[in-house]
Amino acid sequence: MARGKIQIKRIENQTNRQVTYSKRRNGLFKKAHELTVLCDARVSIIMFSSSNKLHEFISPNTSTKEIIDLYQTVSDVDVWSAHYERMQETKRKLLETNRNLRTQIKQRLGECLDELDIQELRSLEEEMENTFKLVRERKNKSQQDIQKNLIHELELRAEDPHYGLVDNGGDYDSVLGYQLRFHQNHHHNYPNHALHSASASDIITFHLLE
């Protein structure tokens, strides 16, 4: 029974379209392989599906670059020039960006300032002041977070006498352990009621402010 003619137009159903693509791609690659073996031809096929997935066939012992170079020789067309020019332009932009970054780094270290006018020097000074301000704010925030964590741990230690202690010959693995050891070393220098009357926050704040 003869096969009916298939109307050549885009297949709307995505699943059917993908199945047809896979079948015809395989058939095309099979014919290319037959041409390579039977006719000693050099064949290269590059295909992209609708999802931009690459499929490629190349004759054995041949590279895609060799095929393109041969095409340039036969057809007198330079395929690589435009690509090479784009690569050169990209390289030029990267080198310029690198030079600018190096200059900015030197200026922040106090070098290459002769190239700047008054307005640029003022802008650089303002930028550095803002940077220093941001660094100080982050440092203060970090110190405050550390202090809060230490206070929290010491309060937990006050509730549980065994919290945070490490059995390693008297050493402690954290700053909290150091504070506890300091507290224990001065235990005999203060009356018991004085030690118990001091809050966890008072103890830890004293040492942090030092």
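Q: Buried means under 20% relative accessible area, exposed over 50%, and partly exposed in between (1.4 Å probe, protein chains only). Which residues of helix 1 are buried?
A: In helix 1, the buried residues are Tyr21, Arg25, Phe29, Ala32 and Thr36. The cover over the buried residues of helix 1 includes strand 1 and strand 2. This is a predicted model, in which local features need pLDDT of at least 70 and side-chain atom pairs count only at pLDDT 80 or more, while totals for chains, interfaces and linings use all residues. Residues are numbered from 1 along each chain as its sequence is written, and side-chain values use heavy atoms, leaving out hydrogens and water.

Q: What makes helix 1 a helix of regular length?
A: Helix 1 runs over residues 14-39 and counts as a helix because helices are DSSP runs (H or I, at least four residues; strands are E, at least two), numbered from the N terminus. Its 26 residues reach 37 Å from first C-alpha to last, close to the 38 Å expected at 1.5 Å a residue. The expected span is 1.5 Å times one less than the number of residues. Asn13 caps the N-terminal end of helix 1, with a side-chain oxygen 3.0 Å from the backbone nitrogen of Thr15. After the helix comes Asp40, whose phi is positive, near 55°.

Q: Why is Phe57 called buried?
A: Phe57 has a relative accessible area of 13%, so Phe57 is buried. Phe57 is found in strand 2. Leaving aside neighbours within four places in sequence, Phe57 is in contact (heavy atoms within 4.5 Å) with residues including Phe29, Ala32 and Val43. Ala32 is 25 residues from Phe57 in sequence, and their C-alpha atoms are 7.8 Å apart.

Q: Why is His55 called buried?
A: The relative accessibility of His55 is 15%, so His55 counts as buried. In strand 2 (residues 54-58), His55 and Phe57 point to one face, while Leu54, Glu56 and Ile58 point to the other and are not buried. The side chains of His55 and Tyr21 share a polar contact of 3.2 Å. A polar contact is a pair of N or O atoms within 3.5 Å; within protein, one must be able to donate a hydrogen and the other to accept it, and residues adjacent in sequence count only if both atoms are side-chain atoms.

Q: What makes strand 1 and strand 2 a pair?
A: Two strands pair if DSSP finds at least two bridges between them. Five bridges join strand 1 (residues 44-48) to strand 2, and the strands run antiparallel. Met47 stands opposite His55.

Q: What makes up the largest nonpolar core?
A: Seven residues do: Tyr21, Phe29, Ala32, Val43, Ile45, Met47 and Phe57. Helix 1 and strand 1 each supply at least two of them, and the largest share, three residues, comes from helix 1. A nonpolar core is a set of buried Ala, Val, Leu, Ile, Met, Phe, Trp, Tyr and Cys residues joined through side-chain atoms within 4.5 Å.

Q: Why is the contact of Lys141 and Asp145 called a salt bridge?
A: Their side chains meet at 2.9 Å, N to O, and a salt bridge needs a side-chain nitrogen of Lys or Arg within 4 Å of a carboxyl oxygen of Asp or Glu, so the pair qualifies. Lys141 and Asp145 are four residues apart in helix 4 (residues 118-159), so about one helical turn separates them. At 47% relative accessible area Lys141 is partly exposed, as is Asp145 at 30%.
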